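Please keep the structure open while you read this note. The points below go from the overall division to single residue pairs.

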Amino acid sequence: MMRTRPLRVALLGCGVVGSEVTRIITTQADDLAARIGAPIELAGIAVRRPNRVREGIPAELLTTDATALVKRGDIDVVVEVIGGIEPVRTLITTAFEHGASVVSANKALLAADGANLHARAAEHGVDLYYEAAVAGAIPLIRPLRESLAGDKVNRVLGIVNGTTNFILDKMDSTGAGYSEALDEATALGYAEADPTADVEGFDAAAKAAILAGIAFHTRVTIDDVHREGLTEVTAADIASAKKMGCTVKLLAICERTPDGRSVTARVHPAMIPLSHPLASVREAYNAVFVEAEAAGRLMFYGPGAGGAPTASAVLGDLVAACRNKLAATTGAGESAYTQLPVSPMGDVVTRYHISLDVADKPGVLAQVATVFAEHDVSIDTVRQQGRNQGSGDEAAVVQGGGEASLVVVTHRAKDADLSATVASLRTLDTVRGVASIMRVEGE
C-alpha cells in the first residue's frame, strides 16, 4: 500500500537542470509515486532571482532564503543543482543536520570535499547521492559503487567532458585548428563564454577524482589529479595521430599502479588507436571504459551534459533516496576502506609522441637516440622528414641542409623519465625546438 503522507523535496537552484527536474516531478508525479511507494511534493525552490519568469513553476514555491528552506525540518530530500563550493557546502551539511538526505550534481564540491560530506551524512543517518556529478545521464557512479562492489577495478579510462570532445572531434574530422573548433563549439552552445573549466581540464579533473575514489575505494581529491588541457593541441598533432592510426582525445585516466600499492589519477590529451572503443566517441558525447578483474572490459556511453540528461540522473538518485526514507535505511555511503595513496604523475607508466624540429644533417638521429638511451627510454618508432621536401617524401634519415621534423614514439616508461628525456633533448644544439609532446594511451 502507498503511504499517504508525501515525501517533501526541496530544490536548490532552478536553472537549466533545476527547471527540468521540476518539470519531471510535476508531470510524472504518478509514475514517481508508484516507483517510490509514496507521493513526492516540491516543498520549496531556492533561487537568486524570484521575479524571473519560470514557465510552469508555481511562484509560491520560490524563495531566496535557501538556509531557511533546508532548516525547515519537514524536508525529506534536498536536491542541489546550484554548483560551486560555498554556500553550497554549508547548505548541504545544514540539510544533513536537519534530517534530510541530499542529491547533488556538484562535481566541484564532491571532488574537493567528498570525504567530509560522506562523513557528515553518515553521522546524521542520511544519504548523499551524486550520479549526475559525472557524465550526465550515463549510469556510472552506481554501477561502480554497487554492481562492481564485489570486483576489483584496475582502470577507468574515459571521455568525461563533452565540450572538449566536440572540439577535438571537429579538429580530427575537418582539419580545423583549435581556435576555429572552439568558436564552433561556442556558437552551438557546447562551450561557455569562458571555456576555461572545460578546455584546461578542470571539469574533467573533478570527475576523475570522484571516479577514482569510488573505483578504488580510497579518498582522492581534485588536488591529487594531474591535469593538462587541450589548448596546446594543434592541427599538426591531429594529423600526426592519423598517420599512426590514432585519434586524439582528452582522457580522464584512473588506475592502480602495477604493484597495487597506490593509485594514480590524471587528465590530459592523448593519442589512442582507432581500434579502441573510445576512439569512435564523437561530437559532445561522453564514454567511460572500465577494466575490472572479473567483469573484464565494460563501456558506458551516452550524453554527458544538458538539462534533460542531467535531470534524468538526478531523478534516479531522488527515487533511491526517497525509497531509503520509506524503508528507514541509508545507502550510498563512502567506500574508502583501502586508504591507498595517490602516486605522483612522475610514477605513471605511459608512452610519448614527441615532435622535434632538428637540424637536417647527418648524425642528428644518433644524438637523439643517445639521449633516450641515457634515460632508459626505449624508442618504438621514428619518422623524419625534411622541411624542404614534399609532405609525402619521408625516410628514416634525411640528410641535407636546412631543418627537418623528427617524430619519435616511445615504448612505455615512467613519465618522469620521459619528461627528463625531453628536457635533455632541448639542450642539444641540433634540436631547434620541441614542437609538441603528447601521451599515447589505450593499447
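**Notes on the predicted model**

1. The domain assignment of the protein gives three entries: domain 1 covers 7–137 + 308–326, domain 2 covers 141–303, and domain 3 covers 348–440. This is a predicted model. Taken over C-alpha atoms, the centres of domain 1 and domain 3 are 53 Å apart.

2. An open sheet is formed by six strands, and its order is β3-β2-β1-β4-β5-β6. The pairing in this sheet is parallel. The edges are held by β3 (62–63) and β6 (128–129); each has a single partner strand, so one side of each has no neighbour in the sheet.

3. As a general point, the strands of a sheet pair through backbone hydrogen bonds, and the pairing is either parallel or antiparallel.

4. Within the six-stranded sheet, β4 (residues 77–80) pairs with β5 (residues 101–104) over four bridges, in the parallel sense. Which residue of β5 is the bridge partner of V79? The partner is V103.

5. Helix α1 (residues 16–27) lies across two strands, β1 (7–12) and β2 (40–46). Relative to β2, helix α1 runs at about 155 degrees.

6. Strand β17 (residues 431–440) is joined to strand β10 (residues 263–273) by two bridges, and these strands run parallel. In this pairing, A270 stands opposite R439 of β17.

7. Strand β17 also pairs with β13 (residues 349–359), here in the antiparallel sense and over eight bridges. S355 stands opposite S436 in β17.

How values were computed. Residues numbered from 1 in each chain as written. Predicted model: local features only at pLDDT ≥ 70, side-chain atom pairs only at ≥ 80, totals over all residues. Heavy atoms only, no water. Pairing = 2+ DSSP bridges. Contact = heavy atoms within 4.5 Å. Axes fitted to C-alpha atoms, helices over the stretch in contact; angles between N-to-C directions. Domains from an automatic or database assignment.
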